[in-house]
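This report considers how charged side chains, aromatic rings and nonpolar residues are arranged within one chain. The sequence and the structure are shown first, and the discussion follows.

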Amino acid sequence: MSPRSPRRRRERAEESMASIAHFLHRQPEGIQRILMMRDYASRASTIPPRERAAFDVTVVDSFLPPGPDSSPPRRHPAPVEDVRDVDILVLTVQPIELRATLAALGIEDRPHVVRRNRPYYHAEVPFTAAGLAVPPADLTVAVTLIGQAYGLHAQHAVDEISTFYRANVWVLAGMAAGLAGHTRKADVYLPQTVWWYEPGRLTADRFEPRPEVASRGPMNLQLARFDPTGAKLHDRLAAAITELPDRHRPADLAADFTPQVSVLSDAVASGDKLLRDGRQLAALHESNQRIVLGDQESYGFAFACRDMDWIIARGIADFGDAEKDSSYQYLATLLAVHTVLEFLESIYIPPGFAIPGQAVDRP
């Protein structure tokens, strides 16, 4: 990784705690010590007690005066752990979303590694970097499972996974509820923003919503070059539908069905409420015409990835009403993942990518 590479390296909690423990031995008093202790306490809560014990002992030692025969304070470097660098990390929430994602990538169900009971699957996909990679090169991809709904669990999963993997792009792939009359089942959306609709002020006679918005930065410039109506994507999605196993084919899927794909034109409403009454999403759409789909995890995911590049890819599985069923969950996820893969393979240019035959600027 070159010094000028824009790849972001997220510091792991263990690295932060080891650094703080080291400086506590060098900073015997003052406001900086208090601030470091607060930082240590917040980061310590994110790792298992057994791994935290050694750091806690070191911190306690920093409060003790040195004995007459004591040796100089020891340095406590960050623990050495196998942290894997990948280009793309794909998160799914439900097991059926994971199965569809693995199928799109051609990965078998057996995980390549398990960390803290979370399975990880690895793959490589070719990419052309919008025609700059000649011949095509490969992107490394890791896939895993959040396993629980709700934004808080998505945020926690990103924090935990980032202690084992560093990625250029994080992708949340799966299904969502769509707004009836504006979306169709199995249509695909790569929204530009996420609206967390639950915050607000509760007064004696009403609730005043004060939604928070998560927006994406530089990745928009790349997604803007992706044509969702292109022939390559159309053929890819058509092939995925043709090859769909019978057990995952919805009974009412039209023989000539062609999914519509929307990129950067819409917003996803995210909150912990499971949309089942058919009215909540419509009310949110009235307040913001861009909101045409909703889920429970997007805001927590986007918030956790706020200093990294991220993509949310959602296929419409139902309309968030009492008549929802699971028949489109697999297909919706499958098409969403294929859409992201087409973007990565045809348009995406990784950070630090060097055009073959062209000299790379050195700092």
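In this predicted model, Glu97 and Arg314 form a salt bridge in which the closest N and O atoms are 4.0 Å apart. The two residues belong to distant parts of the chain, since Glu97 sits in helix H4 (residues 95–105) and Arg314 in strand E14 (residues 309–318), 217 residues apart. Both ends of this bridge are covered: Glu97 is buried, with a relative accessible area of 2%, and Arg314 is likewise buried, at 0% relative accessibility. The bridge also belongs to a network, in which salt bridges that share partners join Glu97 and Arg314 with Asp295 and Glu297.

The structure holds nine salt bridges, including two further ones that link elements of the chain. Asp85 is paired with Arg166, the closest N and O atoms being 3.2 Å apart; because Asp85 lies in strand E1 (residues 84–92) and Arg166 in strand E5 (residues 165–178), the pair ties together parts that are 81 residues apart in sequence. Here Asp85 is partly exposed, at 35% relative accessibility, whereas Arg166 is buried, with a relative accessible area of 15%. In the other, the side chains of Glu342 and Lys232 meet at 3.6 Å, N to O, and as Glu342 lies in helix H10 and Lys232 in helix H7 (residues 231–242), this bridge ties together parts that are 110 residues apart in sequence. Its two ends differ in their surroundings, for Glu342 counts as buried at 6% relative accessibility, while Lys232 is exposed, with a relative accessible area of 57%.

The three bridges described above can be set side by side.

| Acidic residue | Basic residue | Closest N and O atoms |
|---|---|---|
| Asp85 | Arg166 | 3.2 Å |
| Glu97 | Arg314 | 4.0 Å |
| Glu342 | Lys232 | 3.6 Å |

The aromatic residues provide another set of links. A search of the whole structure finds seven aromatic pairs, one of which is formed by Phe127 and Phe353 in an edge-to-face arrangement, with 5.9 Å from centre to centre and 70° between the planes. This pair, too, links distant parts of the chain, with Phe127 in strand E3 (118–127) and Phe353 in the segment after helix H10 (329–346), 226 residues apart. Of the two rings, Phe127 belongs to a buried residue, at 3% relative accessibility, and Phe353 to a partly exposed one, with a relative accessible area of 23%. Phe343 and Tyr348 form a pair that is tilted, at 6.2 Å centre to centre and with 50° between the planes; Phe343 is buried at 0% relative accessibility, and Tyr348 is buried at 2%.

Ring pairs also link Trp196, Tyr299 and Phe303 into a cluster. Phe303 has a charged neighbour as well, since Arg306 lies over the face of Phe303 at 4.3 Å from the ring centre. A similar placement is found for Arg216, which lies over the face of Trp310 at 4.6 Å from the ring centre.

In soluble globular proteins, nonpolar side chains tend to be buried together. In this chain, the largest nonpolar core has 56 residues, and those with the most contacts inside it are Ile88, Val143, Ile311 and Phe343. Helix H10 gives the most to this core, with 11 residues. The surroundings of Val143 can be listed in some detail: leaving aside its neighbours within four places in sequence, Val143 is in contact with Val90, Leu98, Thr101, Leu102, Leu105, Ile107, Pro119, Tyr120 and Tyr121. Apart from the largest core lies another, of 32 residues, among them Tyr189, Val194, Phe301 and Ile312.

The totals for the chain give the setting for these local features. There are 10 helices and 14 strands, and buried residues make up 49% of the 363 residues. Among the contacts with a separation of 6 or more, 77% are accounted for by residues that are 24 or more positions apart. The accessible surface of the chain comes to about 18,700 Å², and 52% of that surface belongs to carbon and sulfur atoms.

Definitions and conventions: Residues numbered from 1 in each chain as written. Predicted model: local features only at pLDDT ≥ 70, side-chain atom pairs only at ≥ 80, totals over all residues. Heavy atoms only, no water. Helix = DSSP H or I, 4+ residues; strand = E, 2+ residues; numbered from the N terminus. Buried < 20%, exposed > 50% of the residue type's maximum accessible area, 1.4 Å probe, protein only. Contact = heavy atoms within 4.5 Å. Areas by Shrake-Rupley, 256 points an atom, 1.4 Å probe, with all protein chains shown as cover. Phe/Tyr/Trp six-rings, centres within 6.5 Å; stacked < 30°, edge-to-face > 60°. Lys NZ or Arg CZ within 6 Å of the ring centre and 35° of its normal. Core = buried A, V, L, I, M, F, W, Y, C linked by side-chain atoms within 4.5 Å.
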